[in-house]
Amino acid sequence: MSGILDSVNLRTQMVGQNRLELLLFGLETSQKYGINVFKVREVLQCPDLTEVPRQTTAIKGMAHIRGETIPVLDLSEAIGRKPIPEEDQLKCFLIVAEYNRRTLAFLVRKVDRIFNTQWDQIMPPPAEIGSENYLTAVFEHEGKLIEILDVEQILADLYPMPTDVSEEVANSQVRQQAQQYHVLIVDDSAVARNQMQRSLESLGVKVTSANNGKQAWDLLRGMADKEIDVEKAFLMVISDIEMPEMDGYTLTAMIREDTRMQRMHVVLHTSLSGGFNVSMVKKVGADGFLAKFNPNDLASVVVNRINQIREA
């Protein structure tokens with residue numbers, strides 16, 4: 001266990017080519033789950049928690065960690081499973097993570113190890129299970145399926161976020177201009193796609209969505225093969241970074257390598273935190289980085305791109 005705790009901080013500084021490292025953990029059953037190490041700040045034994053008055057959700061309390069007060073979420077209860085008993089909490093662990101500009105700690109029963117794999121080994125969940133679940137991806141390891149939870153969906157259910165774009169960012173004139181443009185959004189989280197789509201459609205732009213980098217790449221390459229000018233067809237591509245089959249870094253790099261679309265405007269839009277994002281954006285040739293999720297920030301990126309084109 002100490003090896004896992006000591007190595008998390010170092011591993012969060014690592015970046016690969018369509019690869020990822022998952023911290024495997026367990027809840028109240030034998031099922032194993034994974035969380036991208038890039039989202040993890042640290043792992044520690046659960047301390048005494050401070051209760052939150054009138055708290056009725058899966059938030060179990062607050063922990064004071066390195067000078068910061070952080071809410072603690074019982075991940076098992078949050079996904080509809082049996083909660084961790086209060087008397088067992090001090091035997092459990094906290095995974096302190098950053099999602100969508102929010103720092104929080106996940107209370108889990110056990111932490112297993114860090115697992116290194118490729119994004120093309122990570123598959124979307126079967127369509128047959130429907131959309132009413134908290135799964136974003138699965139992968140097979142040692143004959144068993146490891147589940148990657150859609151934490152963005154979990155947090156959206158706990159803390160609903162507005163998607164309206166303010167008049168300060170987009171007045172009626174801007175919205176009218178935006179109607180002639182088309183944006184491709186790429187994200188494996190259904191809630192993230194819906195948030196972006198509602199915000200951008202309220203701005204006035206047309207939206208096409210893809211569930212992961214491979215699906216987006218197949219769409220762009222297919223259009224280019226039909227001699228469609230994709231650089232004109234889409235105002236820009238706004239892509240998540242961590243996705244099954246092909247991540248956002250790889251998607252961006254492939255766009256830049258194809259002469260038919262290498263000038264496309266690409267913004268990476270992710271809940272991943274850390275200074276490595278800025279350097280990786282430059283390395284793969286993306287035009288910008290945007291932290292999830294704020295509708296005005298998202299709309300501003302699109303409005304700025306429209307202004308760039310109109311002023312060119």
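This tour moves from the two domains of a predicted model to the cavity that both of them line.

Begin by colouring residues 17-158 as domain 1 and residues 162-311 as domain 2, which are the bounds given by the domain assignment of the protein chain. With both in view, place a marker at the C-alpha centre of each domain, and the two markers will lie 28 Å apart.

Next, select the residues that face each other across the boundary: 21 residues of domain 1 are in contact with 25 residues of domain 2. The area buried between domain 1 and domain 2 is about 1,800 Å², and carbon and sulfur atoms give 46% of that area. Two salt bridges are counted between the domains.

Now show the internal cavities, of which there are three of 30 Å³ or more. Go to the largest cavity, which holds about 240 Å³ of space; it is lined by 25 residues, and those closest to its centre are Lys39, Thr136, Ile148, Leu149 and Glu242. Display the side chains of Lys39 and Glu242, which meet in a salt bridge at 2.9 Å, N to O.

To see what surrounds this space, select strands S2 (32-36), S6 (93-99), S9 (135-141) and S10 (144-149) together with helix H3 (151-158), each of which supplies at least two residues of the lining of the largest cavity. Strand S2 gives the largest share, three residues. Domain 1 and domain 2 each contribute at least three residues to the lining of the largest cavity.

Finally, colour this lining by residue class, and twelve nonpolar, five polar and eight charged residues will appear.

Methods. Residues numbered from 1 in each chain as written. Predicted model: local features only at pLDDT ≥ 70, side-chain atom pairs only at ≥ 80, totals over all residues. Heavy atoms only, no water. 1 Å grid on protein atoms, 1.4 Å probe; cavity = no way out; pocket = protein on both sides within 12 Å on 5 of 7 lines; lining within 4 Å. Points joined across faces, edges and corners; volume = space filled by probe spheres on them. Helix = DSSP H or I, 4+ residues; strand = E, 2+ residues; numbered from the N terminus. Nonpolar A, V, L, I, M, F, W, Y, C, P; charged D, E, K, R; others polar. Domains from an automatic or database assignment. Contact = heavy atoms within 4.5 Å. Buried area = accessible area lost by both parts, 1.4 Å probe. Salt bridge = Lys/Arg side-chain N within 4 Å of Asp/Glu carboxyl O.
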